[in-house]
Amino acid sequence: MKKRNLTFYLFIIPVLLWLMLLIVFPHVDLFLSSFQFENDDGVTVLSFNNYLSFFEDSIYWLTFLRTALYSISITVLAFVVTFPVAFYLTKVVSRKYSSFFVLLLLIPIWVGELVTIYGWMILLSDYGVINSFLIYLGIIDTPIVMLYTDFSMIIGLLYMSMLFMIIPVMSALDSLDDSLIEAASDLGASKWTIATKIVVPHAMPGIASGGIMVFMLIIGDYVAPNILGGKSSLWFTEQIYNFFLTTINWSQGAAFGFLLLMLSSAIIWGVLKLTGQKLERVGS
Amino acid sequence: MDHILEVKDLSKYFVGFTAVQSIDFFVEEGGFFSILGPSGCGKTTLLRMISGFEEESEGDIIIRGESMKGIPPEKRPVNIVFQNLALFPMMNVEENVAFGLKRQKISKTEIVTRVKEMLDRVGLNGFEKKNVTELSGGQRQRVAIARSLVLKPSILLLDEPLGALDRKLREHMKIELKLLQKEIGTTFIYITHDQSEALVMSDKVAVMNKGRFEQIDTPKNLYKNPKTSFVAGFVGESNPFEITSYENGVLTTSHGWKLTKPNLDYTPLKLFIRPEAFILNPTEDLEGIDVVEMKVKTILFDGANTKISAIITQSNDEVLISLPQNAQFEDLKEGDMVKVGIHQDDLKCYKD
Ligand SMILES: Nc1ncnc2c1ncn2[C@@H]1O[C@H](COP(=O)(O)OP(=O)(O)OP(=O)(O)O)[C@@H](O)[C@H]1O
Ligand SMILES: [Mg+2]
């Protein structure tokens, strides 16, 4: 083995400290507490009850199912919306301008999630910008209810996550040789064929890593579903929040936190398997 | 003979730059037509106009009697083999070759047989399931050609397809390409900056310079009778000289070497002499030959291509001379004096 010198340790120690103190320890602690259960006698024992209650009470797993399906759909939607933009910015617009457009896309991140959500509230509320405008044009008489519905929640989640799809997809498309597109069209391929047979397969690692990021962000988001979603727009994170802060049942909350982590990882693993992607390639 | 392709007064202007300037030519059905020119002379631009990726600024392209104006690349009866091949890395060999066929209304079984037939023809059977990234340079080359040829195009355009290969393989592919073209009879338009590729493979060669065609001719004529000084200098090896005066049928080079060249009706400025035009130790009584004395400077041994570099005693001009194949001059060494003759007909003079 190679001999490590002092500098090596000097650099590795902060990294290890960070990994251990901020990632490993809290998760181990959370993991251990998720098995703690107060039995009828008021004694704390080790048990699976916190996990079992997820499957026993249908409201929990139904909420999770709903959250997962919405997250998958919004991830797909994010791809559909951003892919043409990513293609346009990397392959059509000259490099000079495309970096400017990317900066524009970054603005929502600088502003922060909460502020953009209030922005959407101004746009979507009953007498907000959109409704007022439609009424002014005479297209509708009474406002369309958009705020505090699944619709506004989807808009909010989509808006905050799009950027995390577009950046990896753009970097994947950047490496696509233009002559492949020309060769395909020379061989008689239509625009649609070129997109589905050449461009998307080439960008697949970028799409997959963007997809994972977006999916994780959405399924674990709390702010947008809570503020923009209505009473019926239940999100799994809201239930975890309730355990921690409303019913003060930390071990139950910890168990649900772990369930969220494991189930969402399982979904990602399943989708990657299904599409034949390899995690190592996605990371690069 | 039918003209499968006719290019009429074709020009391409980029902003502030003329890439192709008033080019006129035609290609015969089944021919092997090469466009030879230095880097940046506009060869790719010309080819991209024929394939439809670049719109012509002026002029017309006619394929089988039909103008190609406004017809997109996917609808033109031509296929192109790109300078960098542009194989689809996400597909294997078979899928690459089948790609174009799948875009047409052809039954699955016919696609399979045609792909197989094509792969056989280019010597790639057994490689069907290999990924294109696992192939050698020459094999990738053949996949690219097969992928286009399987569509039976009227014309196959090839943009320096051998450029990326090493020398040995290039020599080999050169012959293979020529044989393949003969066998299938498709018209090839071949772009290259390598004169030996153009001369070996083609029926006709166009020499291109700065967006224009300097000469369109058979390889043999191009070599024997270059029409412009550019062609004389670019095709084959030559010894160039500046001519400072021409009086009474005698040329004088800038260093003062005098050569007889009667009956020119213009004042030449440039003179080219091929290395093999020099005759070592000529017999005294030959007609139309000037004889000078030279001193051997170095011997450049290169097997059958061995040359000597010699200094003309009269003028200090340095020239390259091919050594004859026989062993007659084997003992020649540095510092030797030799008599060298040049026939008048081998003096190629140009006025620019
Ligand atoms: N889109 C463009 N805009 C402006 N100039 C261009 C464009 N495309 C090519 N050119 C210029 O046109 C000239 C000819 O280019 P072209 O690619 O046809 O050369 P080539 O003969 O194929 O060279 P090579 O042998 O290096 O491939 C070059 O000087 C190039 O800079
Ligand atoms: Mg080129």
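This report walks through the model's confidence, one sheet in chain B, and some aromatic contacts in chains A and B.

## Model and confidence

This is a predicted model, in which local features need pLDDT of at least 70, side-chain atom pairs count only at pLDDT 80 or more, and totals for chains, interfaces and linings use all residues. Residues are numbered from 1 along each chain as its sequence is written, chains are lettered from A and ligands numbered from 1 in the order written, and side-chain values use heavy atoms, leaving out hydrogens and water.

For the complex, the predictor gives an ipTM of 0.83 and a pTM of 0.82. Chain B has a mean pLDDT (the predictor's confidence in each residue, from 0 to 100) of 92, and 100% of its residues reach 70 or more.

## A sheet in chain B

Chain B holds an open sheet of five strands (DSSP runs of E, at least two residues, numbered from the N terminus), in the order β13-β12-β11-β14-β20 with antiparallel pairing. Strands pair here if DSSP finds at least two bridges between them. At the edges are β13 (258-260) and β20 (348-350) of chain B, each pairing on one side only. From one strand to the next, the twist averages 40° (axes are lines fitted to C-alpha atoms, with angles from 0 to 180 degrees between N-to-C directions).

Take a look at β14 (residues 270-273) of chain B: three bridges join this strand to β20(B), and the two run antiparallel. Here Leu271(B) stands opposite Cys349(B) in β20(B).

## Aromatic rings around Phe54(A)

Over all chains, the whole structure has 29 aromatic pairs. Rings of Phe, Tyr and Trp (its six-membered ring) pair if their centres lie within 6.5 Å; planes under 30 degrees apart count as stacked, over 60 as edge-to-face and the rest as tilted. Phe54(A) and Phe64(A) are edge-to-face, because their centres are 6.2 Å apart and their planes at 75°. Phe54(A) lies in helix α2 (residues 49-56) of chain A and Phe64(A) in helix α3 (residues 58-92) of chain A, so the pair ties together parts 10 residues apart in sequence. Helices are DSSP runs of H or I, at least four residues.

Phe54(A) is buried (under 20% relative accessible area; exposed is over 50%, partly exposed in between, with a 1.4 Å probe and protein chains only) at 3% relative accessibility. Phe64(A) is buried too, at 7%. Phe54(A) also forms an edge-to-face pair with Phe236(A), with centres 5.8 Å apart and planes at 85°. That pair links distant parts of the chain, 182 residues apart, with Phe236(A) in helix α11 (residues 236-246) of chain A.
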